[in-house]
Amino acid sequence: MGMTDGTLRAFLAALFRTAVDAAHPASCLPPLLPPPEKGRVILLAAGKAAGSMAETAENFYLDQMRLAPDRLSGVAVARHGYGRPTRVVRMIEAGHPVPDAAGLEAAQKALDLADGAGPDDLVLVLMSGGASANWIAPADGVSFADKQAVTRALLRSGAHIGEINTLRKHLSRIKGGRLARRAHPARLATIAISDVPGDDPSAIGSGPTVPDPTTLADARAIVAKFKLDLPETVIRALNDTANESPKLGDAAFAGTTFALAARPADSLRAVEQAVRDGGYECISLGPNVEGEAREVAAAHAAMARDLRAQGRRAVLISGGELTVTMRGQGRGGPN
């Protein structure tokens, strides 16, 4: 006897929760948290999971490690509605995908805390999807309004997330490895929950603590490719060698560490098992699906129809980051 619509919906909702639980900071973050140095723990978190990551790290250091509260400080920024009740770390909610003034404040606070870190301190950076928009620190000569205009133009252009981040990195004082420079010579540890195909550290949150493989020339090529109409201040910034991002071998990265707490593949693996446990065949398209959203959606729907026509009891799962090219008055962006 087949499931009712309500039972099927409940089953699919349970699969979604399984995926989220596999990547939730409470389960994946504690084993990776480094012990404190002789000095302070300075916690800098950004992205949609920043509140949960900061909350989990606070519980670890204050309750498990018995760190004195005056040795822990920091700031966490997540998109509006994603804040958590942190105890010591300041929680800020900011705009996403178009940055707002709260993101500007959060980034400046993070930079100030990094600037104040000494050689005995641990700067712990906790990254998750959305950090690129939540940490907004325009390069010198580029205004906040200019940076918002760039983001809107990119979201409407059909550029994929890698191209979007390449421009972001070269118009920022925090992205593309620059936060590592600000934290030096403190010990710097980064832990990330990946939301990007391939789990490239330099792509997660636009890689504020890792070497940047992209260049100003790459950024200018993207402007030309999509014929972006950008403010003159932005064009000047992209031609200013002072805005080149730090590369592999830069002293700022000596002794730094980077770890992945969770990846899309981990969530898909957990769901795959739950599908089989529920008595269904699992058809996984993997964690790295990319392309135009309207085309990928049609392909998914066609596969689902084919499976049904064959009478197969199957669940289709996939992960990745798609692109929406604007054709009307919507907001666009990866989806």
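Pro185 sits in the loop between helix H8 (178-183) and strand E5 (187-193). In this predicted model, the peptide bond that leads into Pro185 from His184 is cis, and its omega is near 15 degrees. A reader tracing the chain may like to pause here, since most peptide bonds are trans.

A cis bond is also found at Pro97. The residue before the bond is His96, and omega is about 5 degrees. Pro97 belongs to the loop that runs between strand E3 (90-94) and helix H4 (101-115).

The backbone holds further points of interest in its phi angles. Most residues other than glycine have a negative phi. Ser206 is not a glycine, yet its phi is positive, at about 60 degrees. To find Ser206, follow the chain beyond E5 into the loop that ends at helix H9 (216-225). Is Ser206 buried or exposed? Its relative accessibility is 0%, and because buried means under 20% relative accessible area, Ser206 counts as buried.

Lys227 likewise has a positive phi without being a glycine, with a value near 50 degrees. Its place is the loop between H9 and helix H10 (232-238). The surroundings of Lys227 can be described in the same terms: the relative accessible area of Lys227 is 72%, so this residue is exposed, the cut-off being over 50%. Ser206, then, is a buried residue with a positive phi, whereas Lys227 is an exposed residue with a positive phi.

Terms used:
Residues are numbered from 1 along each chain as its sequence is written. This is a predicted model: local features need pLDDT of at least 70, side-chain atom pairs count only at pLDDT 80 or more; totals for chains, interfaces and linings use all residues. Side-chain values use heavy atoms; hydrogens and water are left out. Helices (H or I, at least four residues) and strands (E, at least two) are DSSP runs, numbered from the N terminus. Buried means under 20% relative accessible area, exposed over 50%, partly exposed in between (1.4 Å probe, protein chains only).
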